[in-house]
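Here are my notes on the model, written for someone who would rather be at the bench. Have the sequence and the structure open while you read.

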Amino acid sequence: MLGLKLPTDPRWVNIVEKNIEEILTDHAFCEQKATSTAISLIVSFPEYTELVQEMIVLVKEEISHFKMVHDKILEHGWVLGKDRKDYYVVELLKFFPKGGSRTTQLVHRLLYAALIEARSCERFRLLSEELEDKELAEFYRKLMISEANHYTMFLGFARKYGNKKEVDTKWQELLEYEAKIMSNLGKSETVHG
């Protein structure tokens, strides 16, 4: 369903289980960045009323996810660590050239967002199926469903606001590019790394 060209090696979960504190910290910041992305889309493209309405809902959902993850950190007696650079996102953002029309910029941002949500969904599915901590596994199962909905929403908006055929071609090219990025990742206890 997600269309990802390179699935995550299930052994990634073994890396995660050795440092749950690290994955939770990274995950918390991913939720915070998702909130910021939704706000940024509202600020940058206010004339797209339907998008603005959906981003308002998304801001509320993503910040609630941040709180849920932060609460998990606190339940373990930890504190939220520092944010770190997300190599996956840094590399992903190199795919599309800068500039272009407002519509092109919007479509590119929507495609990036869709792909990040798709990869998060795939990773959360693995965590929900493979984590030994069943409570945490169930936590990730619920979040996986949200990520799948976000992925389809962003991709749907890209197809709505851009030329559907061109968007579908760009989406496939982005998926191929992302697979190359992922071939070098999967070795750290981060959501995308």
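**Notes on the model**

1. Let's start with one face of a helix. On the other side of helix 7 from its buried residues, K165 and K180 are exposed. Exposed here means over 50% relative accessible area, buried under 20%, and partly exposed in between (1.4 Å probe, protein chains only). Helices (H or I, at least four residues) and strands (E, at least two) are DSSP runs, numbered from the N terminus.

2. A word on what you're looking at: this is a predicted model, where local features need pLDDT of at least 70, side-chain atom pairs count only at pLDDT 80 or more, and totals for chains, interfaces and linings use all residues. Residues are numbered from 1 along each chain as its sequence is written, and side-chain values use heavy atoms, with hydrogens and water left out.

3. Back to helix 7 and its buried residues: V167, W171, L174, L175, E178, A179, I181 and M182. They sit on the same side of helix 7 because they cover an arc of only 150° around the axis (the arc is that of the directions from the helix axis to the C-beta atoms). What do the buried residues of helix 7 pack against? Helix 4 (87-92), helix 5 (102-130) and helix 6 (134-161), with contact meaning heavy atoms within 4.5 Å.

4. The length of helix 7 checks out. Its 19 residues (164-182) should span 27 Å at 1.5 Å a residue, and the end C-alpha atoms are 26 Å apart, which agrees. The expected span is 1.5 Å times one less than the number of residues. At the N-terminal end, N163 acts as a cap, with a side-chain oxygen 3.0 Å from the backbone nitrogen of K165.

5. E173 also lies in helix 7. Its relative accessibility is 43%, so E173 counts as partly exposed. From E173 to I56 is 117 residues in sequence and 29 Å in space, C-alpha to C-alpha.

6. Helix 3 (residues 49-75) has 27 residues, which should span 39 Å at 1.5 Å a residue; the end C-alpha atoms are 39 Å apart, in agreement. Its buried residues include L51, V52, M55 and L58, but also E62, H65 and K72. They pack against helix 2 (20-44), helix 5 and helix 6. After helix 3 comes G77, with a positive phi near 85°.

7. Do look at T8, in the segment before helix 1 (12-17). Is T8 buried or exposed? It is buried, with a relative accessible area of 9%. The side chains of T8 and R123 share a polar contact of 2.8 Å; that term covers a pair of N or O atoms within 3.5 Å, where within protein one must be able to donate a hydrogen and the other to accept it, and residues adjacent in sequence count only if both atoms are side-chain atoms. Leaving aside neighbours within four places in sequence, T8 is in contact with R119, E122, R123, L126 and M182.

8. Now the overall picture: seven helices and zero strands. The radius of gyration is 16 Å, close to the 16 Å that the globule rule gives for 193 residues, so the protein is as compact as a globular protein of that length. That radius is taken over C-alpha atoms, and the rule is 2.2 Å times the number of residues to the power 0.38. Of the 193 residues, 48% count as buried.
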